[in-house]
Amino acid sequence: MENEMLEFDIGLGGGGREGDDDGLDIDDDEMADSPSATSGGAGGGSASGGEIYLPEGDLLDLEPYEGMEFESEEAAKAFYNSYARRVGFSTRVSSSRRSRRDGAIIQRQFVCAKEGFRNLNEKRTKDREIKRPRTITRVGCKASLSVKMQDSGKWIVSGFVREHNHELVPPDQVHCLRSHRQISGPAKTLIDTLQAAGMGPRRIMSALIKEYGGASKVGFTEVDCRNYMRNNRQRSLEGDIQLVLDYLRQMHAENPNFFYAVQGDDDGSMNNVFWADPKARLNYTYFGDTITFDTTYRSNRYRLPFAPFTGVNHHGQPVLFGCAFLINESEASFVWLFKTWLMAMSGRPPLSITTDHDAVIRLAITQVFPETRHRFCKWHIFKKCQEKLSQVFLQHPNFEADFHKCVNLNESIEEFESCWLSLVDGYDLRDHEWLQTIYSARKQWVPVYLRDTFFAEMSITQRSDSMNSYFDGYVNASTNLNQFFKLYEKALESRNEKEVKADYDTMNAAPVLRTPSPMEKQASELYTRKLFIRFQEELVGTLTLMASKAEDDGEVITYQVAKFGEDHKAYYVKFNVLEMKATCSCQMFEFSGLLCRHALAVFRVTNVLTLPSHYILKRWTRNAKSSVILEERTSVVYTNYLESHTVRFNTLRHEAFKFVDEGVKSVETYDAAMDALKVAAKKVAHETKNEGKRGMANGRVRRNLVSDGNHANCTSDDLEGSSGRHMSEDDIDKRIREISSELECSNRKCEVYRANLLSVLKDIEDHKMQLSIKVQNIKISMKDGL
């Protein structure tokens, strides 16, 4: 069969040029690991729209030999790739030879993908760290096919090396090799249809495997499917992106405080888009202490790579801080996005941020928010766990409950570490790669490591309402760009209406008090309705707890707090009497901004009757968005009195207990302590008797100074009768009682005037709130009418 020409029906003409032996060698090695370098690459070539060349009939069983002829270079390449599929290896283009006369390719060499060795370019790698090194796949294999163009325009095999220096791939795995992964036209049509219906890559691949009768018959992998779907999404966005720009420009023209920015490429094309309306920027000034970057819609299940920044308002509702379209998801793009968002929020970074478990996002946050505590969304990790450990879930029905218990219910780091080891050993998962990955990142998602940072959640095990919920019911898997902004505006209106309703309920529906505690009444006047109900649960929960002193170092007393008979489940509260600060081992206040029942139990036994001001976060109060704080004004005098009285009480009792502890050590110290107490009792009685006289005299001096500015000091005339004679001691006492009665009457009048004034101010603020609600309702009704 020497010089026999084999013709293939491949849909390409010969189109050859005259040969030229005086050629120029060109190394094509840079194409080696690119999907587009082969006809069957997952991201380019035939997989993304090029034609697939397949030999037919008896040619499928042929082996290359020197002198074999082909109609074209593409035909030779397709034949060698088909041969490689039968044998079990992947191919790529290695080198070319061009004509010096006209630059046309006159010689090609196709090689095994494991040919040669990776060229580590020192200039490219010496000054930067390789974050995700690629697997070494080249082992110096010599297998190859060389073809050369004849004067007739045909291509002839000029060299063939059969032997490989590595194991070949079995038939049931050959579809995983790069050059054999090809998405056919019918498969693309099916993927497009299922993606439009809201299915993700995993479910689509399951449907394809069922349709084709096995994974090896599909012809490509789930990674190829994901890439194809992502490319589809990007192409569709690029075509409609002008809609986004027109909308953003219009909104900015209507309100200059509407912020938007566009990230461009070097070639002038648009990458990512970010925007934040004035309300979002204003809300951040009130509730920007913790944020969530919701990347749920980046999933290939959705047609829009949409990513909102959200937070939590004073009613515990999700609130928007800006949105982005992520067309490019590189680290540099996320860095740009976070910097742009920070600029829109006046450069004030949050205390904490929650995102999906993503290495690229993690690197970008480290650069832009170095002081912000970064948390991975625990619920997304649990969801991924169901995918990565599906076989374990099927084989061990109790594993899921044990996993949740290990993550959520341990009270200390030591308990979690011990429980985790027991979990992975008990289910023989110590070497599971994905579990090792999330364990290495445990400080960013396991609650026991995060309780010292504010995340605005009401409990450690609660799922943040802001994560993947702001646009629930509006943006879904089938939403396209034409529909998006109408649904986006409807979501904003709905969220705004819910906040107005919560404001109305807080102002007009007084909660039912469940205890006679002044602290509960105080909290009901300060917190929003939802937050008060949560605080009330903690306050009522103190009734089941006992707080006993465990340690006393002089300034700080440590209390053990537990239910009766459950000392093994105790929490420890450190209480500083002078500063009125209580720190609990559960760290609920640090995590949520509300005091826990354990600290409140200590307040109960130490006679702290009201919440100290430093435990009332303004972001949880009904005045979180108001510049006037009426309730704090009305209660400040009463609260200060209670706090000062409590401080004196606790300090004196603290010192007295120390005195008692020392006094009972021996008979001598007991006698000395009793003598000292008798002397102290006489002094206290004397001061108590004189306190009223000093108070009344000072009251009269203050009244005289107010009524007559010329009186610079008090004289003996103040203690004389109308006749000018010196008053007796009984007369003085009588006069003091009269002045005391007058002073008390004046004080009562002042309190009435103050109460009336504050009532007027409160009415003004209430009226202002009601007008705001009416305005919002009118706006909503007008938009509905349009």
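**Exercise 1. Determine how β4 and β5 are connected and paired.**

Solution. Step 1: β4 and β5 form a hairpin, and five residues lie between them. Within the turn, Gly 103 has a positive phi of about 80°. The model is a predicted one, in which local features need pLDDT of at least 70, side-chain atom pairs count only at pLDDT 80 or more, and totals for chains, interfaces and linings use all residues. Residues are numbered from 1 along each chain as its sequence is written, and side-chain values use heavy atoms, with hydrogens and water left out.

Step 2: Strand β4 (residues 91-99) runs antiparallel to β5, and seven bridges join them. Strands are DSSP runs of E of at least two residues, helices are runs of H or I of at least four residues, and both are numbered from the N terminus. Two strands pair if DSSP finds at least two bridges between them. Arg 97 stands opposite Gln 107 in β5.

**Exercise 2. Identify what borders β5 besides β4, and state whether β5 is enclosed or open.**

Solution. Step 1: Strand β6 (residues 144-149) is joined to β5 by five bridges, and the two run antiparallel. Gln 109 has Ser 146 in β6 as its bridge partner.

Step 2: Of the eight residues of strand β5 (residues 105-112), six are buried, so the strand is largely enclosed by the rest of the structure. Buried means under 20% relative accessible area, exposed over 50%, and partly exposed in between, with a 1.4 Å probe and protein chains only.

Step 3: For the whole protein of 786 residues, 44% count as buried.

**Exercise 3. Describe the packing of α16 against α17.**

Solution. Step 1: Helix α16 (residues 518-526) and helix α17 (residues 529-541) pack at an angle of about 165°, and their axes are 9 Å apart. α16 is therefore roughly antiparallel to α17. Axes are lines fitted to C-alpha atoms, for helices over the stretch in contact, with angles running from 0 to 180 degrees between N-to-C directions. Angles under 35 degrees count as roughly parallel, over 145 as roughly antiparallel, 65 to 115 as roughly perpendicular, and the rest as oblique.

Step 2: The crossing of α16 past α17 is right-handed. A crossing is right-handed if the near helix is turned clockwise from the far one by less than a right angle, and left-handed if anticlockwise.

Step 3: From α16, Met 519, Glu 520, Ala 523 and Ser 524 make the contact, and from α17, Phe 532, Phe 535, Gln 536 and Leu 539. Contact means heavy atoms within 4.5 Å. These residues divide into five nonpolar, two polar and one charged. Ala, Val, Leu, Ile, Met, Phe, Trp, Tyr, Cys and Pro count as nonpolar, Asp, Glu, Lys and Arg as charged, and the others, Gly among them, as polar.

**Exercise 4. Classify the crossing of α3 and α4.**

Solution. Step 1: The axes of helix α3 (residues 185-196) and helix α4 (residues 201-212) come within 10 Å and cross at roughly 140°. This makes α3 oblique to α4.

Step 2: α3 passes α4 in a right-handed crossing.

Step 3: Contributors from α3 include Leu 190, Ile 191 and Leu 194, while those from α4 include Ile 204 and Leu 208. The residues of the contact divide into nine nonpolar, one polar and no charged.

**Exercise 5. Classify the crossing of α12 and α13.**

Solution. Step 1: Helix α12 (residues 399-408) and helix α13 (residues 413-426) have axes that come within 9 Å and cross at roughly 160°. α12 is thus roughly antiparallel to α13.

Step 2: The crossing is left-handed.

Step 3: Phe 399, Asp 402, Phe 403, Cys 406 and Val 407 in α12 meet Phe 416, Cys 419, Trp 420 and Leu 423 in α13. The residues of this contact divide into eight nonpolar, no polar and one charged.

**Exercise 6. Give the order of the sheet that contains β15, and locate its edges.**

Solution. Step 1: The sheet is open, with four strands in the order β15-β16-β17-β18 and antiparallel pairing.

Step 2: β15 (545-552) and β18 (581-584) stand at the edges with a single partner strand each, so one side of each has no neighbour in the sheet. On average, neighbouring strands are turned by 25° against each other, direction ignored.

Step 3: Strand β16 (residues 556-563) pairs with strand β17 (residues 571-576) over six antiparallel bridges. Val 556 has Asn 576 in β17 as its bridge partner.

Step 4: Helix α19 (residues 597-605) packs on the sheet and touches β15, β16, β17 and β18; the direction of α19 makes about 80° with that of β15.
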